[in-house]
Amino acid sequence: MGVKIVPRYGKSFKDRTYLSAVFSGMKLTLKHFRANLSDTSSIPTSEYPEVQPTDITERYRGLHRLTHRDDGSVRCVACFMCATACPSNCIFIEAEERFDGIDEKQPARFDIDLLECIFCGYCVEACPCDAIRMDTGIFSIIAKERHEFVINKEELLKNKGAFGEENSLAQ
Amino acid sequence: MHTFMILLPIILTSLFTLATIPLLVWMERRVAALIQNRLGPNRCNIKGIRLGGIVQPVADMLKLLFKEEFYPKHIKQKFYYILAPSIVFGSSFLSFMVIPYADDITIDDYTYHIQALPIELGVLWVIAFAGLGVYGIIIAGWSSHNKYSILGALRASSQVISYEIAMGLALVSMLITYGTISLNPIVQQQGELLFGFIPAWGVVLQPLAALIFIVTAFAETNRAPFDAAEGESEIVAGYHTEYSAMKFALFFMGEYIAMSAASAIIVTLFFGGYQIPWLDTAVMQGNIDLVFISLMLIIPLFSLGFIRWMKKNNSSSLSRQNETKYAIIFIVIGLIAFEGLLFYMLDVGISALQTDLSVMLLQIASFAFKVMMMNFVFVWARWTFPRFRYDQTQHLGWRILLPLALTNIVISAIIVVAGV
């Protein structure tokens, strides 16, 4: 096996005066400064509120939504799998019996406390019915009062998916 | 006129210290951003007018003003706790007092010095107050009653003490060269020409002393790369850990004034002070017509360049189109007024008093420009270099800069005595 000799720098007189390194460093930063000053459009910063991000992918975990069945009713069967998987305990479900013959059970209440939620996506993975998804692409959630951050079933059902299918894939 | 001419340098001192703080804060943040390929703070505005983010330091200052005056419970010596930031602020403020902003001017047989404190021992005054600032830091560290604060204060004081020596010795070699400790004669000497074409600036005569002085000035102001005193990765925030609101703001402003004062003294000693290269006071007074005509040509060119830059770069988001338009109208009106005034003065004929005053204004502008450039170097260096480790700082101070400064004194003394 050959031995690779790594050259050690910093012992020569030129290196020990620091000055050449100092000046080359300052030259580099000045180059950046000049290039950016003469053409600010080359700076990658996007001016956020006016310029919205365009790089949100399909797998981005945004605001939650509850999916529908093909007939428009709620897909969720209130099995509590998501609430059980949730590490921050921010999903509150109240189940009720369903009498329209489509299914046996549905949520009477389905609240998510967005201030508690850590957007981990475990609820989406836990759901056996593809009833909860985080594919709305909404990343900015604004409210003035604390209680407004607890969103209920109606609001969750209103959210539209930004990517892929609108309705639940589970049959 | 008499009162105004006496007050003028004092007004200029407060402008150069207090009024430049927001400018320097803005410059620091924007330059840092541009060096790191970012935009920096540009959102703050007054009714949609952003002025490139210069409103941001005003907002910062307002925030600090309205913060709660909080005194930690464990602080026993409240008097010293409050005294410390005032010392830092005051001493850096006072060290600016002896800087000459323009050449002496004679009006009605009375010679005015454009220095806030026209004393002969200029350099000594600056050194005295530059060294006094560290007392504020020591008292802050001690009265904060906090191990991080005391560590920061210890680092700051040992650093300032070790660099003060090299700084003083670099100054001694400058004093040997100039043969005076008064700052105005030093600047007057720098208006001369070396071999008939090089301006006899200190940096040309004594490049080594200039280098040592600039490095030690960085250390004296506790700025990067010598800011181990507030090394946030090791000792929280050093000596101002326990300070908040306006007491912190005083430290903050003191740092920027110290930076500005260091720039001013560097410019005065090494970069010709208020002198415009190749144009000393007598030359300008003799050819004031030519100076006016060249100003009438140069300033529109610069304004045009600025307008072109603004059109290209100040329209990055949609809501700012109007701002550029108004700024261009403002600049064009100012330019027309300026050209008209100068043309009128040339047409009527310029009196001796007007000549003297316009030369003074030009020199003040030249000094301000040089100080801002030096401040830019301070900012630029801060965002280029990583922080020195504490032992590296001491090694550089005692084992490199001190022998270099001593050698420099010996060499310059030999040259001066031999009369080359």
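This passage describes one helix of chain B, its packing against a second helix of that chain, and the contact between chains B and A in a predicted model.

Helix α5 of chain B covers residues 147-178. At 1.5 Å a residue, a helix of 32 residues should span 46 Å, and the end C-alpha atoms of α5(B) lie 45 Å apart, so the span computed from the model agrees with the expected one. The residue that follows α5(B) is Gly179(B), which has a positive phi, near 75 degrees.

Two packed helices are described by the angle between their axes and the distance between the axes. In chain B, the axis of α5 and that of α15 (residues 390-418) come within 8 Å of each other and cross at roughly 15 degrees; because angles under 35 degrees count as roughly parallel, α5(B) and α15(B) are therefore roughly parallel to each other. The crossing in which α5(B) passes α15(B) is left-handed, and the residues of this contact comprise 16 nonpolar, nine polar and one charged.

Between the chains, 16 residues of chain B are in contact with 16 residues of chain A. On the side of chain B that touches chain A, the elements that give two or more residues are α1 (2-35) and α14 (352-382) of chain B, and α1(B) provides the largest share, which amounts to three residues. By residue class, this side of chain B divides into nine nonpolar residues, six polar residues and one charged residue.

Note on methods: Residues are numbered from 1 along each chain as its sequence is written. Chains are lettered from A and ligands numbered from 1 in the order in which they are written. This is a predicted model: local features need pLDDT of at least 70, side-chain atom pairs count only at pLDDT 80 or more; totals for chains, interfaces and linings use all residues. Axes are lines fitted to C-alpha atoms, for helices over the stretch in contact, and angles run from 0 to 180 degrees between N-to-C directions. Helices (H or I, at least four residues) and strands (E, at least two) are DSSP runs, numbered from the N terminus. Angles under 35 degrees count as roughly parallel, over 145 as roughly antiparallel, 65 to 115 as roughly perpendicular and the rest as oblique. A crossing is left-handed if the near helix is turned anticlockwise from the far one by less than a right angle, and right-handed if clockwise. Ala, Val, Leu, Ile, Met, Phe, Trp, Tyr, Cys and Pro count as nonpolar, Asp, Glu, Lys and Arg as charged, and the others, Gly among them, as polar. Two residues are in contact if their C-beta atoms, placed from the backbone, lie within 7 Å. The expected span of a helix is 1.5 Å times one less than its number of residues.
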